[in-house]
Every structure is written in structure tokens, then in C-alpha cells.
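The following exercises train the reading of a protein model, from its strands to its side chains. Please attempt each task before reading the solution.

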Amino acid sequence: MGICRIQCVLLLSLLIASRWTLVQNTYCQVSKSLSLEDDPGRTFNWTSKVEQCNPGELCQETVLLIKADGTRTVVLASKSCVSQGGETVTFIQYTAPPGLVAISYSNYCNDSLCNNKDSLASLWRVPEATATSNMSGTRHCPTCVALGSCSSAPSMPCANGTTQCYQGRLEFSGGGMDSIVHVKGCTTTIGCRLMAMIDSVGPMTVKETCNYQSFLQPRKAEIGASQMPASLWVLELLLPLLLLPFTHFP
């Protein structure tokens with residue numbers, strides 16, 4: 001009887017310890033940062049504090065970086081507890097150089113203090129595409145990135161390989177990172193796709209609206225000049241041949 005009692009006590013202790021392990025809270029680093037950086041790989045310091053999460057939550061850390069040639073880099077970074085998601089690490093390059101660059105890094109993990117990245121040195125290694133030899137010299141676009149208005153953007157030469165002028169507004173919400181980023185510049189991306197039509201970055205949702213002018217579009221006729229569309233010009237040439245079978249000769 002004594003042996004049975006000891007075994008029962010040990011079993012109950014194991015069950016209690018197991019239950020405590022399942023329900024104990026996770027500790028995560030927590031921070032929010034929106035900034036403009038000259039060189040985020042060197043200057044951005046991802047400082048944070050520690051908070052205890054609710055049962056069942058895990059840790060996350062997410063950073064989005066956006067840069068236009070010759071400008072500083074917009075950095076949106078967050079660390080927090082989250083209630084949804086599984087363990088994943090993702091690196092996405094939405095837009096590549098030359099021209100505008102947009103990349104993000106996200107880490108979801110369930111160990112205490114696992115969202116502990118403290119710098120962006122391993123993430124931000126974008127080659128400079130602003131060397132004079134890479135510039136076309138004939139194409140210019142208003143260029144800037146800003147946390148807010150971008151109305152006074154200077155016109156800057158575009159790198160070879162870029163295909164359009166982009167002017168966009170990115171609205172971020174969720175994860176405590178509600179913000180608006182304005183972006184203008186040369187890009188290789190076709191259309192309104194700075195974010196590659198992806199509508200979320202970590203815990204943040206993103207809405208992209210933009211205007212763009214493609215370098216590949218044919219030039220418009222100058223004001224006052226008359227220019228017949230090619231399709232009508234061809235039709236005018238073919239019309240006599242099409243009517244020939246219906247012509248009656250005396």
C-alpha cells in the first residue's frame with residue numbers, strides 16, 4: 001500500500017509538472033520602430049524590452065526595408081507576442097535593384113526570447129546601383145522615400161535596366177505599426193507592384209496604391225500633330241483590294 005501511494009504521488013507530480021509546462025507563458029522581446037536610416041545594416045539598433053505573453057502565444061520579429069537610389073532607407077520593424085501563426089522564418093525580396101528595393105524578414109518562434117535579432121547587418125546587403133556608369137542619363141524620375149509626404153522629390157537619373165517611374169503610397173496597419181510610407185523612384189517592376197501584390201508583412205497588412213509611367217510606352221504625338229493609328233492606316237491600304245470583287249466593269 002505504501003509503494004502504491006508513493007507511485008500515485010509521483011504520477012500526480014509528473015502530471016502537474018507537465019500541465020504547468022503546457023500553460024506557462026512565453027517571454028518575448030517587444031519593440032516598434034519606424035525610421036529613416038542612411039545605412040540600416042550598420043546604424044539600425046533593434047532595441048527592445050521583454051514582456052510575458054498570454055498562454056498559447058508565440059514570438060515574432062518582422063522588418064521591412066524600402067530604398068530608392070540616392071535616398072535613405074525606410075525601416076519598419078516590430079517584435080511582439082502573437083496569437084496566430086506557426087514557427088516560420090521568411091525572407092522576401094519584393095522589388096530588386098536597380099532602382100527601388102523592398103525586402104522583408106519575418107521570424108515566428110515559440111521559445112522564450114527567440115525573437116532576439118539585434119541588427120540588420122545580415123539582411124541589408126543591397127548592391128549600390130547609383131554609380132554614374134550605370135545611369136542611362138536620358139531618363140529621370142522623382143525620387144524619395146518618406147514616412148509621410150513625399151511632395152518635393154528631386155528628379156534623379158535612372159539606372160540602366162529600369163522600366164518605369166513609380167509613385168506609390170503604402171498603408172500599413174496591424175501589429176501596432178499603423179503608418180503610411182510614400183515612395184517615388186525608378187524601378188524594374190512593371191505596374192503597381194512594389195510589394196509584388198503581397199498584402200501582408202508579418203503581423204502587418206499592407207495596401208498599395210500608385211501611379212506609374214512606363215518607359216516602354218510609345219511616345220504620344222506632339223500637340224497639334226496629326227497621326228493616324230497604324231490599324232487605320234493598314235485598313236486604308238487594304239480597303240480598295242477588299243472592294244475589288246464587288247466592282248463591276250462595263
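**Exercise 1. A hairpin and its turn**

How many residues lie between strand 12 and strand 13 in their hairpin, and which residue in the turn has a positive phi?

Solution. The model is a predicted one.

Step 1. Locate the strands: strand 12 covers residues 200-201, and strand 13 covers residues 204-214.

Step 2. Examine the pairing. Strand 12 and strand 13 are antiparallel and share two bridges; S200 has T205 of strand 13 as its bridge partner.

Step 3. Examine the turn. Two residues separate the strands of this hairpin, and G202 has a positive phi of about 60°.

**Exercise 2. The open sheet**

Determine the order of the strands in the open sheet of five strands, and explain why strand 8 and strand 12 each have a side without a neighbour.

Solution.

Step 1. State the order. The five strands are arranged as 8-11-10-13-12, and their pairing is antiparallel.

Step 2. Consider the edges. Strand 8 (144-146) and strand 12 each have a single partner strand, so one side of each lacks a neighbour in the sheet.

Step 3. Recall the general principle. Strands in a sheet are paired by hydrogen bonds of the backbone, in a parallel or an antiparallel manner.

Step 4. Follow one pair inside the order. Strand 10 (residues 164-173) is joined to strand 13 by 10 bridges in the antiparallel sense. Q164 faces S214 of strand 13, while F172 faces V206 of that strand.

**Exercise 3. A second hairpin**

Describe the hairpin of strand 5 and strand 6, and identify the glycine with a positive phi.

Solution.

Step 1. Establish the pairing. Strand 5 (residues 88-95) and strand 6 (residues 101-109) run antiparallel and are joined by seven bridges. Within this pair, Q93 is opposite I103 of strand 6.

Step 2. Inspect the connection. Five residues lie between the strands, and G99 takes a positive phi near 90°.

**Exercise 4. Salt bridges and a charge over a ring**

State how many salt bridges the model contains, and describe the surroundings of K79.

Solution.

Step 1. Give the total. The count is four salt bridges, with a cut-off of 4 Å between the side-chain nitrogen and the carboxyl oxygen.

Step 2. Treat the pair that includes K79. The closest N and O atoms of E61 and K79 are 2.6 Å apart, and the two residues form a salt bridge. This pair links distant parts of the chain: E61 belongs to strand 3 (residues 58-67) and K79 to strand 4 (residues 73-82), 18 residues apart. Both E61 and K79 are buried.

Step 3. Add the ring. K79 also lies over the face of W46, at 4.2 Å from the ring centre. Another lysine, K117, has its charged end over the ring of Y105, 5.3 Å from the centre.

Step 4. Turn to other salt bridges, among them R169 with E171, at 3.3 Å from N to O. R169 is partly exposed, because its relative accessible area of 29% falls between the limits of 20% and 50%. E171 is likewise partly exposed, at 28%. In the pair of K49 and E51, the closest N and O atoms are 3.5 Å apart, and E51 is partly exposed at 32%.

**Exercise 5. Buried cysteines and a surface patch**

Are C59 and C141 buried or exposed, and which residues form a nonpolar patch with Y27?

Solution.

Step 1. Classify C59. This residue is found in strand 3. Its relative accessibility is 0%, and therefore C59 counts as buried. The C-alpha atom of C59 is separated by 4.7 Å from that of C81, which is 22 residues away along the chain.

Step 2. Classify C141. This residue is found in strand 7 (residues 135-142). C141 is buried, because its relative accessible area is 0%. Between the C-alpha atoms of C141 and T187 the separation is 9.6 Å, and the two residues are 46 residues apart along the chain.

Step 3. Move to the surface. Y27 lies in strand 1 (residues 27-37) and is partly exposed, with a relative accessible area of 38%. Together with V50 and L113, Y27 forms a nonpolar surface patch of about 260 Å² of accessible area.

Notes
Residues numbered from 1 in each chain as written. Predicted model: local features only at pLDDT ≥ 70, side-chain atom pairs only at ≥ 80, totals over all residues. Heavy atoms only, no water. Patch = residues over 30% accessible without salt bridge, like charges linked within 9 Å, V, L, I, M, F, W, Y side chains within 5 Å. Areas by Shrake-Rupley, 256 points an atom, 1.4 Å probe, with all protein chains shown as cover. Helix = DSSP H or I, 4+ residues; strand = E, 2+ residues; numbered from the N terminus. Buried < 20%, exposed > 50% of the residue type's maximum accessible area, 1.4 Å probe, protein only. Pairing = 2+ DSSP bridges. Lys NZ or Arg CZ within 6 Å of the ring centre and 35° of its normal.
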